[in-house]
Amino acid sequence: ALFNVPTLTAYRDGADYMYLANDDLVLESTGWTSSFVEALRSNPMTANLGVAGAADTSDTVTPQIEFPFFHRTHVELFEWCGANP
């Protein structure tokens, strides 16, 4: 849907990592890109498998990753459901 086109465009352009975010997202810290990449690269199961992201601190009851940061492997794994890289 909304994020499929930019994700697949970035994938075809050779991007290694993608970050799905809204245009009103405010990033208040530095170094987050390196932290997200390292979190994915160091996955003990399979390097670059999974998603990383910052916790939404506005929800104090159930903080969660609202905007996923992921490796191109994520697109390849979900080809079966229409990602079609």
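**Exercise 1. Is Thr7 buried or exposed, and what is its relative accessible area?**

Before you start, note that this is a predicted model, where local features need pLDDT of at least 70, side-chain atom pairs count only at pLDDT 80 or more, and totals for chains, interfaces and linings use all residues. Residues are numbered from 1 along each chain as its sequence is written, and side-chain values use heavy atoms, leaving out hydrogens and water.

*Solution.*
- Step 1: find Thr7 in helix α1, residues 4-12. Helices (H or I, at least four residues) and strands (E, at least two) are DSSP runs, numbered from the N terminus.
- Step 2: read the relative accessible area of Thr7, 10%.
- Step 3: apply the cut-offs, where buried means under 20% relative accessible area, exposed over 50%, and partly exposed in between (1.4 Å probe, protein chains only). Thr7 is therefore buried.
- Step 4: list what Thr7 touches, not counting residues up to four places away in sequence: Met18, Leu20, Phe70 and Val75. A contact means heavy atoms within 4.5 Å.

**Exercise 2. Describe the protein chain as a whole.**

*Solution.*
- Step 1: count three helices and three strands.
- Step 2: put them in order from the N terminus, which gives α-β-α-β-β-α.
- Step 3: of the 85 residues, 21% are buried.
- Step 4: take the contacts with a separation of 6 or more; residues 24 or more positions apart account for 47% of them.
- Step 5: turn to the surface, where the chain exposes about 6,000 Å², with 55% supplied by carbon and sulfur atoms. These areas come from the Shrake-Rupley method with a 1.4 Å probe; for residues, only the protein chains shown count as cover.

**Exercise 3. Which aromatic pair do Tyr19 and Trp32 form?**

*Solution.*
- Step 1: recall the rule: rings of Phe, Tyr and Trp (its six-membered ring) pair if their centres lie within 6.5 Å; planes under 30 degrees apart count as stacked, over 60 as edge-to-face and the rest as tilted. The structure holds six such pairs.
- Step 2: Tyr19 and Trp32 are 5.1 Å apart, centre to centre, with 40° between the planes, a tilted pair.
- Step 3: place the partners: Tyr19 lies in strand β1 (residues 17-19) and Trp32 in helix α2 (residues 32-41), so the pair ties together parts 13 residues apart in sequence.
- Step 4: check exposure; Tyr19 is partly exposed at 24%, and Trp32 is partly exposed at 22%.
- Step 5: Tyr19 also pairs edge-to-face with Phe36, at 5.9 Å and 65°. Phe36, in helix α2, is 17 residues from Tyr19, and is buried at 9%.
- Step 6: put the ring pairs together, and Tyr17, Tyr19, Trp32, Phe36 and Phe69 are linked into a cluster.
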